[in-house]
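Me: I've got a structure here that I'd like to talk through. Could you take a look and go over the annotated site and the domains with me?

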Amino acid sequence: MKIVARSENDFSRAALALAAGELVAFPTETVYGLGANALDSAAVAGIFAAKSRPRFNPLIVHVHDFGAATEYAAFSTLAEELADAFWPGPLTLVLPRLENCPLSPLVSSGLDTVALRSPAHKVARRLLETAQLPIAAPSANRSGRISPTSAADVHAELGDVPAIILDGGRCPIGLESTVIRVTEDGPQILRSGALPREEIEEVLGRKLSSFGGIEGAPLSPGQLASHYAPDSAIRLGATDPKPGEAFLTFGPDAPPFDGPTFNLSESGDLQEAAANFFHALRALDETAAGSIAVMPIPFEGLGEAINDRLQRAAAER
Ligand code: TXA
Ligand code: MG
């Protein structure tokens with residue numbers, strides 16, 4: 001295994017690997033990413049191959065700070081306000097690419113926009129600082145599968161595909177970043193995520209419109225109905241688990257159950273539930289149960305993003 005800790009030396013090795021066109025997995029506060037030098041099309045192509053990711057699904061480019069981001073995309077006043085309020089952090093902005101943008105066109109899947117994010121996790125920041133490169137990184141799972149929230153998850157998904165896996169322990173937030181597109185028509189949520197809608201609306205002083213959910217045409221190509229799919233079937237809104245099922249519960253009123261059970265948060269805390277979510281889904285998926293019954297989870301705060309992942313995990317494949 002090439003899982004390594006985070007000594008000075010490991011960061012230099014990881015930075016050299018990126019510069020040489022190799023893939024490096026690293027933790028962010030949301031989930032682990034599978035990173036490549038975003039300036040290098042051959043390296044970026046390696047990400048799509050490693051994940052079996054469709055080429056039409058563009059990647060997020062990670063940058064150290066706002067200044068670096070302005071080398072690649074045009075920031076409207078509103079986009080700058082959002083970056084100012086939430087970077088570094090779990091917010092991804094989809095913005096028009098600059099005409100002379102040096103990023104590989106593959107990161108944008110040929111679109112005239114690019115998704116940018118400045119992560120807050122200290123391992124990700126140190127890697128960006130050491131490499132001095134923009135890093136294209138989707139979640140470090142095979143396409144359509146559960147996102148990894150630990151170095152061991154990355155290894156389970158991708159084996160020895162990354163040249164290096166930087167180990168930062170469990171991801172503190174545990175759900176992917178919120179993706180916002182900022183156009184002339186105003187900001188729009190393309191993917192609910194780790195930054196709750198309410199916090200963004202508070203900064204903007206207005207309501208955010210949403211991309212039309214899993215029924216609509218995919219405006220964000222990643223918004224495919226079936227995603228985050230475990231091997232097990234998923235049964236939502238369940239309060240009565242059946243024998244043979246596994247049971248994903250939430251809150252203090254979870255009914256007792258004999259089979260494999262995981263409570264996302266006994267106290268009913270959505271932040272704790274988010275941090276446990278992908279880990280729990282993975283753990284229950286590995287039991288002998290062929291189906292996971294899931295208790296209802298409230299839709300407010302991080303609950304919106306958890307419910308979004310659950311609906312995609314339950315969607316027909
Ligand atoms: O938290 C995260 O966002 C993690 C960490 C590693 O940063 N990354 C992540 O990447 O979740 P990925 O590739 O799994 O999801 C990126 C999402 C996809 O839904 C993709 O379609 C969307 O961002 N996206 C990227 N570029 C886009 C663009 N130019 N226009 C519209 N959507 C875009
Ligand atoms: Mg993903």
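**Binding site and domains**

Me: Where is Y228 found, by secondary structure?
Reply: Keep in mind that this is a predicted model. Y228 is one of the residues listed under "binding site" in an unreviewed UniProt entry. Y228 sits in the loop between β11 (209-210) and β12 (233-235).

Me: Is Y228 buried or exposed?
Reply: The cut-off for buried is 20 or more other C-beta atoms within 10 Å. Y228 has 23 C-beta neighbours inside 10 Å, so Y228 counts as buried.

Me: Which of the contacts of Y228, leaving aside neighbours within four places in sequence, is also on the UniProt list?
Reply: Beyond those neighbours, Y228 is in contact with I146, S147, R309, R312 and A313. The UniProt "binding site" list has R53, N57, T113, S139, S147, R191 and Y228. The name found in both is S147.

Me: How far apart are the farthest two C-alpha atoms of the listed residues?
Reply: The listed residues span 176 residues in sequence. They do not all gather at one spot, because the farthest two C-alpha atoms are apart by 24.6 Å.

Me: What about T113, how does its exposure class come out?
Reply: T113 lies in strand β6 (residues 113-117). Its C-beta neighbours inside 10 Å number 18, so T113 counts as partly exposed.

Me: How many residues does domain 2 bring to the contact with domain 1?
Reply: The assignment gives domain 1 (3-215) and domain 2 (233-314), with C-alpha centres 27 Å apart. Domain 1 puts in 15 residues, and domain 2 puts in 17 residues.

Key:
Residues are numbered from 1 along each chain as its sequence is written. Chains are lettered from A and ligands numbered from 1 in the order in which they are written. This is a predicted model: local features need pLDDT of at least 70, side-chain atom pairs count only at pLDDT 80 or more; totals for chains, interfaces and linings use all residues. UniProt positions are given in the numbering used here, feature names are shortened, and annotations may be inferred rather than shown by experiment. Helices (H or I, at least four residues) and strands (E, at least two) are DSSP runs, numbered from the N terminus. A residue is buried if 20 or more other C-beta atoms lie within 10 Å of its own, exposed if 12 or fewer, and partly exposed in between; C-beta atoms are placed from the backbone. Two residues are in contact if their C-beta atoms, placed from the backbone, lie within 7 Å. Domain bounds come from an automatic or database domain assignment.
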